[in-house]
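Colleague: Could you walk me through this assembly, one question at a time?
Modeller: Gladly; let us have it on the screen first.
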There are 10 protein chains.
Amino acid sequence: MSNQLYSTILTAKKTKKLTWKTIGEKIGHSPVWIASVCQGMNSAPLPIAQKIAALLDLDDEVARQLSECPTKIFPQTVPTDPLIYRLYEIVGVYGQSIKQVIHEEFGDGIMSAIDFSMTIDRIPDSKGDRVQIVLNGKFLSSKVF
Amino acid sequence: MSNQLYSTILTAKKTKKLTWKTIGEKIGHSPVWIASVCQGMNSAPLPIAQKIAALLDLDDEVARQLSECPTKIFPQTVPTDPLIYRLYEIVGVYGQSIKQVIHEEFGDGIMSAIDFSMTIDRIPDSKGDRVQIVLNGKFLSSKVF
Amino acid sequence: MSNQLYSTILTAKKTKKLTWKTIGEKIGHSPVWIASVCQGMNSAPLPIAQKIAALLDLDDEVARQLSECPTKIFPQTVPTDPLIYRLYEIVGVYGQSIKQVIHEEFGDGIMSAIDFSMTIDRIPDSKGDRVQIVLNGKFLSSKVF
Amino acid sequence: MSNQLYSTILTAKKTKKLTWKTIGEKIGHSPVWIASVCQGMNSAPLPIAQKIAALLDLDDEVARQLSECPTKIFPQTVPTDPLIYRLYEIVGVYGQSIKQVIHEEFGDGIMSAIDFSMTIDRIPDSKGDRVQIVLNGKFLSSKVF
Amino acid sequence: MSNQLYSTILTAKKTKKLTWKTIGEKIGHSPVWIASVCQGMNSAPLPIAQKIAALLDLDDEVARQLSECPTKIFPQTVPTDPLIYRLYEIVGVYGQSIKQVIHEEFGDGIMSAIDFSMTIDRIPDSKGDRVQIVLNGKFLSSKVF
Amino acid sequence: MSNQLYSTILTAKKTKKLTWKTIGEKIGHSPVWIASVCQGMNSAPLPIAQKIAALLDLDDEVARQLSECPTKIFPQTVPTDPLIYRLYEIVGVYGQSIKQVIHEEFGDGIMSAIDFSMTIDRIPDSKGDRVQIVLNGKFLSSKVF
Amino acid sequence: MSNQLYSTILTAKKTKKLTWKTIGEKIGHSPVWIASVCQGMNSAPLPIAQKIAALLDLDDEVARQLSECPTKIFPQTVPTDPLIYRLYEIVGVYGQSIKQVIHEEFGDGIMSAIDFSMTIDRIPDSKGDRVQIVLNGKFLSSKVF
Amino acid sequence: MSNQLYSTILTAKKTKKLTWKTIGEKIGHSPVWIASVCQGMNSAPLPIAQKIAALLDLDDEVARQLSECPTKIFPQTVPTDPLIYRLYEIVGVYGQSIKQVIHEEFGDGIMSAIDFSMTIDRIPDSKGDRVQIVLNGKFLSSKVF
Amino acid sequence: MSNQLYSTILTAKKTKKLTWKTIGEKIGHSPVWIASVCQGMNSAPLPIAQKIAALLDLDDEVARQLSECPTKIFPQTVPTDPLIYRLYEIVGVYGQSIKQVIHEEFGDGIMSAIDFSMTIDRIPDSKGDRVQIVLNGKFLSSKVF
Amino acid sequence: MSNQLYSTILTAKKTKKLTWKTIGEKIGHSPVWIASVCQGMNSAPLPIAQKIAALLDLDDEVARQLSECPTKIFPQTVPTDPLIYRLYEIVGVYGQSIKQVIHEEFGDGIMSAIDFSMTIDRIPDSKGDRVQIVLNGKFLSSKVF
């Protein structure tokens with residue numbers, strides 16, 4: 001997906017005063033997933049891509065491009081944006097602990113990042129609201145061969 | 001925290017046939033957090049550190065060390081272990097999308113990785129059980145100064 | 001924020017013979033923070049963004065862009081500019097010492113870089129004036145969970 | 001300076017229940033600077049080194065080593081410890097802004113990291129105490145030649 | 001898994017004049033997979049681990065260690081050994097082509113490296129025998145959420 | 001080969017609703033190899049290049065360029081695209097095991113990545129179809145000199 | 001400073017058949033320093049910048065830009081140009097020796113790279129002329145605080 | 001050369017209260033060159049190596065090792081020690097300028113880092129003494145072939 | 001040298017159906033050296049540059065540019081093109097051995113890469129023709145100073 | 001191959017006052033190849049390995065180890081030793097030119113680094129003797145498939 005397409009989508013989204021959340025609600029899919037599709041980090045099946053394009057008043061060529069399998073390039077090995085870095089830091093600080101807890105529960109294998117979904121919620125808290133991110137991936141057992 | 005201490009803890013844990021989960025239940029704290037303390041990625045308040053040491057039949061010097069503020073070194077900039085890499089990949093693929101969804105909800109700022117907690121659960125599923133990781137961090141608003 | 005916007009702002013600032021310090025005084029906010037907003041390293045609440053734009057005789061679209069949450073990309077992992085490198089060197093030389101002194105005073109945790117402010121001053125000195133940079137961030141205690 | 005010497009110092013410091021702050025008060029020098037000397041990131045003039053050694057009940061060979069010019073190696077290009085990373089992040093996010101504000105005030109040059117001192121203080125705050133780090137370095141003007 | 005264990009296994013294997021191929025035939029599993037288990041790049045279910053240990057006249061502690069979930073560290077980001085580099089080069093030269101051909105056949109998703117097996121064979125050829133490596137992984141479809 | 005040529009080829013391929021597989025069948029060569037030629041990772045002998053160009057209704061200049069020896073640049077040392085990363089991970093996890101199994105069978109040397117071919121197939125499987133990639137390279141014996 | 005400005009300067013310099021040496025003689029400053037100013041690695045006080053611009057028949061806007069404080073970006077961490085690499089190699093091979101000899105003479109501190117000048121000369125030699133580069137920087141003593 | 005040998009030399013040098021400068025004067029060679037030999041960054045002809053060993057009361061095996069051709073490994077791609085970094089910074093800031101001035105004077109080629117010598121001197125200065133480093137290398141003309 | 005100039009040269013070379021070898025024969029210089037000049041990795045004395053330009057029907061400005069001292073930038077630290085990588089691999093596999101054999105023959109020093117030439121030849125061989133690359137550089141003895 | 005084995009070989013070689021050249025002459029193989037075998041960068045067929053061991057008065061276990069297929073690790077991505085760096089620089093400066101000259105002569109493919117040999121000779125020259133390194137590798141044609 002080209003940068004130009006992404007700009008077109010962002011401009012349309014601003015013009016129509018839409019958020020990823022409202023797009024998600026109208027389309028019936030996760031805001032974070034739709035955002036990832038529009039950034040070229042995922043592809044949408046054509047009918048969903050068409051709904052996204054329609055909502056943004058963009059043409060069918062946009063829908064077609066959103067349904068193509070993108071090459072996913074992370075722009076930075078270590079992300080510098082403070083919000084994204086905190087996620088990277090959590091992987092660094094807790095990665096080995098997560099690994100051990102999952103292995104104790106499931107045996108050797110991984111949590112899939114492909115058969116995977118995610119939700120993001122605001123958790124009200126009197127000391128300051130909290131961000132809750134739920135990662136949900138199928139456990140894949142390492143194959144014995 | 002020294003590697004030697006970590007080995008001592010792992011050996012004690014195996015000898016006593018404990019898992020992080022059972023240690024967590026007995027201590028009343030999260031398994032993944034206790035594992036991170038024992039790996040030198042977090043520190044425990046002394047009374048909790050003493051409970052961990054007692055459960056493992058280790059002496060007070062161990063407790064004291066678990067309560068010291070460790071220097072947290074991630075051993076690899078890009079983790080190669082498949083389980084940990086999948087987490088890194090999720091940050092790479094979804095980081096920008098997570099950022100946008102959080103900013104739409106909360107404004108500019110971050111999800112703290114310090115005022116932060118995490119749970120890991122098994123979600124039964126007929127097509128194969130799933131791993132659910134819940135990240136929960138306080139939203140910190142960027143300061144205007 | 002685009003590079004083009006940054007150029008526009010710098011050109012306007014030169015034309016009007018403004019410095020970050022004078023902009024800061026007129027707006028009532030810190031010069032270094034305003035500079036960071038104009039470089040896409042921070043966002044300003046819309047009313048402040050509008051004041052900045054007005055001072056520079058730039059239109060509301062500029063104000064709107066200054067109020068968007070930017071993705072903060074550091075252009076160099078190790079900065080080469082001599083002035084910025086000296087700051088990096090201070091972190092390298094004193095980082096571990098700062099860490100220990102803070103932990104002794106506050107316990108485990110960090111100085112926030114988000115709930116954070118900074119001032120820069122000239123300290124007259126007969127052997128040559130000095131630069132004083134004051135960093136001020138909320139202490140965040142590592143959560144026990 | 002060897003790692004072994006550093007361990008010896010840390011052990012002596014723990015045994016005598018000293019903090020860098022109390023050592024600083026007794027020696028009449030900055031806690032963060034003394035900590036940096038003991039970590040091999042700075043050297044102390046011999047009389048001061050002897051006071052440090054004496055306070056820790058360590059012999060003259062230790063004092064001699066603390067007074068040698070160390071080779072300063074930063075162990076990580078990008079620090080991973082959360083406390084130290086936040087300092088690195090501040091350099092990344094604000095480095096260019098600091099540069100511009102200093103240049104407007106002083107002209108071309110740098111803040112020295114050698115003719116330099118630092119203090120760390122706790123600033124009480126009803127919303128949570130804050131860490132204040134003051135960096136103070138001589139301005140060095142770029143030479144015209 | 002420790003390097004020491006790996007040395008013990010290699011020594012036992014040499015003493016008994018076994019190859020990975022003969023071990024594979026006796027155990028009833030793939031030679032390359034058994035080699036990967038013995039190098040700490042995979043784990044074996046305990047009964048298989050016990051067969052491996054028995055074949056090498058090693059004790060049950062070895063079997064237990066071969067059945068633990070290892071942390072998989074690749075020693076080099078870009079491998080320098082000529083044989084392994086050629087595999088890396090194939091990924092570099094053909095990766096994008098493989099991606100497109102798989103996406104045309106299966107849609108968006110990946111070939112799993114966990115639900116995965118591999119065989120290595122000698123293909124006789126009059127111009128010089130050939131190595132044939134067969135990679136076989138489950139296709140995982142990217143989840144729409 | 002220029003990016004512009006690659007775009008031209010991809011556009012022509014889409015317009016004519018061709019896949020690499022159908023192009024392969026019509027040309028009588030491997031889809032993955034043809035894709036690699038069109039991406040500038042291989043060159044085709046002129047007659048084959050002309051067939052590819054003809055099938056895409058592109059002119060002789062395209063054929064000529066497809067027959068030139070390209071400089072093969074891998075865009076990323078560690079690929080981030082999930083599909084390509086899995087291949088990289090397989091090299092990391094199994095590289096040393098593959099090396100040992102090949103050496104046991106053939107002696108010292110390598111599997112050529114130049115006198116080399118590859119096929120990709122779908123293997124039907126009731127638990128989910130599988131991707132099978134067959135790598136086939138001439139064994140080259142290390143020269144004694 | 002923009003690349004465009006640098007091109008403009010180089011073109012003017014060629015057209016007027018000037019060398020850095022002749023410019024240096026006419027301006028009364030060092031050739032290597034003037035070259036560094038024109039490359040955006042240093043700034044010149046406005047009157048000197050005006051003399052440089054006048055000599056090259058360039059306008060006052062050029063002078064103004066040459067007097068701005070540039071952000072100094074080294075294009076390569078390890079320089080590949082053979083002439084520049086040899087300088088890098090000298091730092092690598094002799095850096096630690098230079099450090100020890102300076103510390104023996106001056107105590108702990110550095111040779112400033114800011115309060116610094118340099119000359120380059122040809123030293124006639126019957127076995128082949130030699131390049132002599134003289135580096136001259138103020139010694140800065142590490143501050144005790 | 002082993003680290004152990006280097007330690008032996010440094011210890012002997014301290015015991016005998018020698019500096020590189022005094023060793024240089026007694027041996028009749030440059031202090032910085034002798035220091036580089038003792039650090040394994042250069043080799044000395046055997047007679048000179050024997051003089052160095054004799055002066056330090058070390059045996060002939062030390063002399064023999066100092067006369068062997070060492071493999072020169074720079075421990076850090078970008079040096080972090082402040083004194084050595086300043087030298088690296090000078091190469092970064094002035095490298096391109098030095099290159100142009102040398103090419104104008106000598107034509108295409110390099111200053112040799114092998115047929116090369118160096119002196120370090122203290123230059124008294126009322127505003128603070130200065131370090132002067134003189135680099136002197138044979139100009140090697142790029143060969144036309 | 002600009003990329004545009006290189007393209008111009010390549011286009012002219014193709015149009016005139018010249019190879020580096022035929023250009024070399026006509027000019028009386030090495031094909032690989034002429035290719036390196038045209039790629040901006042070497043400069044040619046003006047009369048030779050003019051011969052190259054004339055042969056390609058290009059104007060004097062091209063000749064002038066080919067005679068300028070270029071800044072030599074290697075595009076990749078580790079080359080990925082298979083042909084160039086094999087050369088890099090030879091340096092990696094045999095570098096230390098080459099070093100020892102040269103030192104045994106010549107003493108401490110290097111083979112110059114500046115006072116250097118190279119030839120490339122086809123060596124007929126019944127088992128497949130071979131490429132022979134001859135590197136020829138002046139031995140430079142490390143200076144004792 | 002272990003570092004310990006390499007030390008043993010080097011010690012034996014010094015004790016017996018052998019050079020790689022004399023070992024090569026006695027064994028009837030290339031000095032640089034034998035050196036590479038002894039450094040763990042190649043393996044020797046067992047009979048040759050036994051001759052090497054015998055010449056050095058080392059036992060059969062050494063011979064056996066020299067005949068094992070080593071994992072070839074280059075210690076540095078960019079070599080810093082001046083002699084080895086010059087070889088790396090030649091690949092960087094001339095790699096693309098070598099590539100084009102070989103492709104013009106042989107078509108697409110590579111010079112093998114496995115079916116490969118090398119000689120090193122001293123070429124007497126009145127202006128200073130020269131090092132001549134001859135690389136000789138089989139041309140491998142890229143396979144069309």
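**Strands, copies and helices**

Modeller: To start us off, Asp121(H) has Gln132(H) in S2(H) as its bridge partner. Please keep in mind that this is a predicted model.

Colleague: Thanks! How many bridges pair S1(H) with S2(H), and in which sense do they run?
Modeller: S1(H) covers residues 109–123. This strand and S2(H) pair in the antiparallel sense, and the number of bridges is eleven.

Colleague: Which residue takes a positive phi in the hairpin of S1(H) and S2(H)?
Modeller: The hairpin has six residues between the strands. A phi near 125° is found there, and the residue that takes it is Gly128(H).

Colleague: Is S2(H) largely enclosed or not, and how many of its residues are buried?
Modeller: S2(H) spans residues 130–141, twelve residues in total. A residue is called buried when 20 or more other C-beta atoms lie within 10 Å of its own. The strand is largely enclosed by the rest of the structure because the buried residues number nine.

Colleague: S2(H) also pairs with a strand of chain G; which residue of S2(H) stands opposite Gln132(G)?
Modeller: S2(G), residues 130–141, pairs with S2(H) in the antiparallel sense over nine bridges. Within S2(H), the residue opposite Gln132(G) is Asn136(H).

Colleague: Let us turn to chains E and F. Which residue of S2(F) stands opposite Lys138(E)?
Modeller: S2(E), residues 130–141, is joined to S2(F) by nine bridges, and the two strands run antiparallel. Opposite Lys138(E) in S2(F) stands Arg130(F).

Colleague: What rotation superposes chain F on chain E, and which C-alpha of chain F is nearest the axis?
Modeller: The rotation is 180° with 0.0 Å of shift along its axis, and the RMSD is 0.0 Å. In chain F, the C-alpha nearest the axis lies 2.2 Å from it and belongs to Val134(F).

Colleague: Which element gives the most to the side of chain F that touches chain E?
Modeller: The contact takes 58 residues from chain F and 58 residues from chain E. On the side of chain F, the elements giving two or more residues are H2 (20–27), H3 (31–38), H6 (82–106), S1 (109–123) and S2 (130–141). That side divides into 32 nonpolar, 14 polar and twelve charged residues. With 23 residues, the element that gives the most is H6(F).

Colleague: Why can we say that chains E and F meet through the same surface?
Modeller: We compare the interface residues of the two copies. The copies meet through the same surface because the share of chain F interface residues that are also interface residues in chain E is 100%.

Colleague: And chains I and J: what kind of axis relates them?
Modeller: A turn of 180° with a shift of 0.0 Å along the axis lays chain J on chain I with an RMSD of 0.0 Å. The two copies are therefore related as by a two-fold rotation axis.

Colleague: In chain D, are H2(D) and H3(D) roughly parallel or roughly perpendicular?
Modeller: Their axes come within 8 Å and cross at roughly 105°. Angles of 65 to 115 degrees count as roughly perpendicular. Therefore H2(D) and H3(D) are roughly perpendicular.

Colleague: Last one: is Ile90(D) buried or exposed, and which residues does it touch?
Modeller: Ile90(D) lies in H6(D), residues 82–106. Ile90(D) counts as buried because there are 21 C-beta neighbours inside 10 Å. Leaving aside residues up to four places away in sequence, Ile90(D) touches Ala113(C) and Leu135(C).

Definitions and conventions:
Residues are numbered from 1 along each chain as its sequence is written. Chains are lettered from A and ligands numbered from 1 in the order in which they are written. This is a predicted model: local features need pLDDT of at least 70, side-chain atom pairs count only at pLDDT 80 or more; totals for chains, interfaces and linings use all residues. Copies are superposed by least squares on the C-alpha atoms of residues with pLDDT of at least 70 in both. Two residues are in contact if their C-beta atoms, placed from the backbone, lie within 7 Å. Helices (H or I, at least four residues) and strands (E, at least two) are DSSP runs, numbered from the N terminus. Ala, Val, Leu, Ile, Met, Phe, Trp, Tyr, Cys and Pro count as nonpolar, Asp, Glu, Lys and Arg as charged, and the others, Gly among them, as polar. Two strands pair if DSSP finds at least two bridges between them. Axes are lines fitted to C-alpha atoms, for helices over the stretch in contact, and angles run from 0 to 180 degrees between N-to-C directions. Angles under 35 degrees count as roughly parallel, over 145 as roughly antiparallel, 65 to 115 as roughly perpendicular and the rest as oblique.
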